[in-house]
Amino acid sequence: MPILPTHRPRRNRKSQVIRDMVQETRLTTHDFIYPLFITEGQNQQVEIKSMPGIHRFSADRVIDEIGRCVELGIKSFAPFPQVNEVLKDRLARESANMEGLYLKTVADIKRQFPEVVLMTDVAMDPYSSDGHDGIVDPDSGEILNDASLEVLGQMALAQARAGADIIGPSDMMDGRVAWIREVLDSNAFSHVSIMSYTAKYASAFYGPFRDALDSAPKRGDKKTYQMNPANRREALLELALDEQEGADMVMIKPALSYLDVIREVRDNTQLPVTAYNVSGEYAMVKAAAQQGWLDGERTMMEVLTSIKRAGADAILTYFAKEAAEVLRRG
Ligand code: PBG
């Protein structure tokens, strides 16, 4: 006679109340950081083709959008600028212009919503005529690490002056966390945090974001500074350096194809770990849902839960607003 099971894990799944009682991972709106795309002009709200439901907002409209999000319980935002092509140059000079679109909008948001947390992006690509995160040597095409640090430091300082709460270096130059920390501290911005893009991979999943900002590299790719998707141990090397250099929080990007890296980093640091659920990951779910091939809402919640389960304390995600609505419904 076959032996019937003594251990029956299904007992812990037998009703919704019991499933809720033993649930290990719970999403809340506090987990979300909402990326926002900012563009020139007034009264502009243009949907990004490859990111249904996500728009570029002019400064006036982004204030309304943040108001709606705050109402839903989302309090952290990561704005990115779409810079006019004529303002771009080799050295990304526009990035430190206090009167430019980005820094003025950041200051404006902080004036209107002092309680929200703004994480600003440090990288040259939105302002660079080359579309790279660092300075391109005009002869060799090489990305110049140490010369770029100077530009990134000035950009971070300008963002701190505009009122940024957290500086988010997404550029992947070596040594930029220490450099930015030093520039901030020596200018009386020791209270401004750094969330480092610690393990940022050279990923195909950034395509829709580059559409949103017109920021794709004009030549070449980003493989000499962003990480090889095949590498896991290298993320731990980047983590060790970011810790030494003074990062307050570390990030893994993208999220979904890198859940193992999120877990690995979680298990090897006491710092808060965040993950960036990037544009392409958003686009995939939206596209399949529009085709009727996936239940978009359930897939979204499963994706976000899996990122948190893997070890992320907070998630940068274009789903933030929609997920907050689902959480509010309960
Ligand atoms: C650029 C930057 C990128 C993203 C955030 N900052 C793109 C890139 O490195 O080319 C991508 C985010 C996304 O895809 O949602 N420094």
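These legends describe close-up views of a predicted model.

**View 1. Residues around the ligand.**
The ligand is surrounded by 17 residues. Lys 200, Arg 210, Lys 253, Ser 279 and Tyr 318 are the closest of them. Sorted by class, this shell contains 8 nonpolar residues, 3 polar residues and 6 charged residues.

**View 2. Polar side-chain atoms at the ligand.**
Three side chains are shown here with their distances to the ligand. In Arg 210, a polar side-chain atom is 2.6 Å from an oxygen atom of the ligand. In Lys 200, a polar side-chain atom is 2.8 Å from an oxygen atom of the ligand. Asp 133 faces another element: a polar atom of its side chain lies 3.2 Å from a nitrogen atom of the ligand. On its own, the ligand has 400 Å² of accessible area, and the protein covers 100% of that area.

**View 3. The cavity that holds the ligand.**
Which cavity does the ligand take up? The space taken by the ligand is the largest cavity. The residues to look for around the ligand include Ser 279 and Tyr 318, both among the closest.

**View 4. An aromatic pair between Phe 37 and Phe 209.**
The whole structure has 9 aromatic pairs. One of them is formed by Phe 37 and Phe 209, and its geometry is edge-to-face. The ring centres are 5.6 Å apart, and the planes meet at 65 degrees. An angle over 60 degrees counts as edge-to-face, so this pair falls in that class. Where in the chain do Phe 37 and Phe 209 lie? Phe 37 is in strand β1 (residues 32-39), and Phe 209 is in helix α6 (residues 207-213). The two residues are 172 residues apart, and the pair links distant parts of the chain.

**View 5. The cis peptide bond before Pro 254.**
Lys 253 and Pro 254 are joined by a cis peptide bond, with omega at about -10 degrees. Pro 254 belongs to the loop between β10 (249-253) and α8 (259-266). Lys 253 is also one of the closest residues to the ligand.

**View 6. The backbone at Ala 92.**
Is phi of Ala 92 positive or negative? Phi is near 55 degrees, a positive value, and the residue is not glycine. Ala 92 is found in the loop between β4 (76-81) and α3 (101-112).

Conventions:
Residues numbered from 1 in each chain as written. Predicted model: local features only at pLDDT ≥ 70, side-chain atom pairs only at ≥ 80, totals over all residues. Heavy atoms only, no water. Near = heavy atom within 4 Å. Polar contact = N/O pair within 3.5 Å; in protein donor to acceptor, adjacent residues only side chain to side chain. Areas by Shrake-Rupley, 256 points an atom, 1.4 Å probe, with all protein chains shown as cover. 1 Å grid on protein atoms, 1.4 Å probe; cavity = no way out; pocket = protein on both sides within 12 Å on 5 of 7 lines; lining within 4 Å. Sits in = over half its atoms within 2 Å of the grid points. Nonpolar A, V, L, I, M, F, W, Y, C, P; charged D, E, K, R; others polar. Phe/Tyr/Trp six-rings, centres within 6.5 Å; stacked < 30°, edge-to-face > 60°. Helix = DSSP H or I, 4+ residues; strand = E, 2+ residues; numbered from the N terminus.
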